[in-house]
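Hi,

Here is the structure I said I would pass on. Have a look through it first, then read my notes on its pockets below.

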Amino acid sequence: GLQDGSIDFYLGATPRGEPAGGLVAETLLKNTRTVIGRRGHPLAGAKSIKDLAKAEWATTTLDFNAATDLNELFAKHRMPPPVITLQTHSALSVMVALSSCDLLAILPAQWNEFPLTRDVLQVINIKEKLPAPDIVLIRRPDLPLTPAADHFCDLLKRYLPQ
């Protein structure tokens with residue numbers, strides 16, 4: 001859709017490969033992840049990923065590599081594969097699950113500031129860095145955005161932290 005102009009732009013996690021020919025990617029936000037669970041989670045005091053070895057996890061396909069990245073993180077620290085109890089296709093599903101049970105998730109750091117979750121979810125501050133794909137805008141450089149898309153992108157760029 002981007003190549004034929006029927007879609008104005010893609011906004012989301014950096015794809016693993018380069019954009020298709022004729023498309024350009026602009027990095028809008030460098031990203032990191034955090035471990036998130038419900039406020040008062042029994043593992044809230046964990047200091048390392050190793051402290052979370054026996055936790056049950058939720059992943060979301062919103063980040064197409066979430067389960068793979070979680071498995072790689074555990075392998076990197078010579079831990080057995082994580083127990084992924086829930087795989088969901090929506091942010092709302094993972095919010096509800098995390099807030100109502102003892103599942104954990106590795107999610108973009110921006111979730112810490114989201115008004116609907118900041119009072120019911122909490123970050124579990126582990127020492128390990130949890131990289132995440134950057135947030136990018138991919139579009140055709142030779143095709144101007146529609147006025148609505150251009151306005152939206154302008155507002156987004158102004159709002160995002162620099």
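Before the details, one bit of vocabulary: Ala, Val, Leu, Ile, Met, Phe, Trp, Tyr, Cys and Pro count as nonpolar, Asp, Glu, Lys and Arg count as charged, and the others, Gly among them, are polar. Also keep in mind that this is a predicted model.

With those classes, the lining of the second largest pocket splits into 12 nonpolar, 3 polar and 6 charged residues. This pocket has a volume of about 340 Å³. There are 21 lining residues, and the closest to the pocket's centre are Arg33, Asp69, Leu70, Leu73 and Pro131. Which element gives the most to this lining? That would be α1, with 6 residues. At least two residues each come from β4 (56–60), α1 (66–76) and β6.

Now for the largest pocket, which holds about 900 Å³ of space. Its lining is made of 29 residues, with Leu29, Pro108, Gln110, Trp111 and Ile135 closest to the centre. Two or more lining residues are given by each of β1 (10–13), β2 (24–29), α2 (91–100), β6 (105–108) and α3 (147–159). Here the largest share comes from β1, with 3 residues. Sorted by class, the lining of the largest pocket has 20 nonpolar, 5 polar and 4 charged residues.

One thing to look for on screen: β6 gives residues to the lining of the largest pocket and also to that of the second largest. Try finding β6 and then picking out both pockets from there.

Cheers

Notes
Residues numbered from 1 in each chain as written. Predicted model: local features only at pLDDT ≥ 70, side-chain atom pairs only at ≥ 80, totals over all residues. Heavy atoms only, no water. 1 Å grid on protein atoms, 1.4 Å probe; cavity = no way out; pocket = protein on both sides within 12 Å on 5 of 7 lines; lining within 4 Å. Points joined across faces, edges and corners; volume = space filled by probe spheres on them. Helix = DSSP H or I, 4+ residues; strand = E, 2+ residues; numbered from the N terminus.
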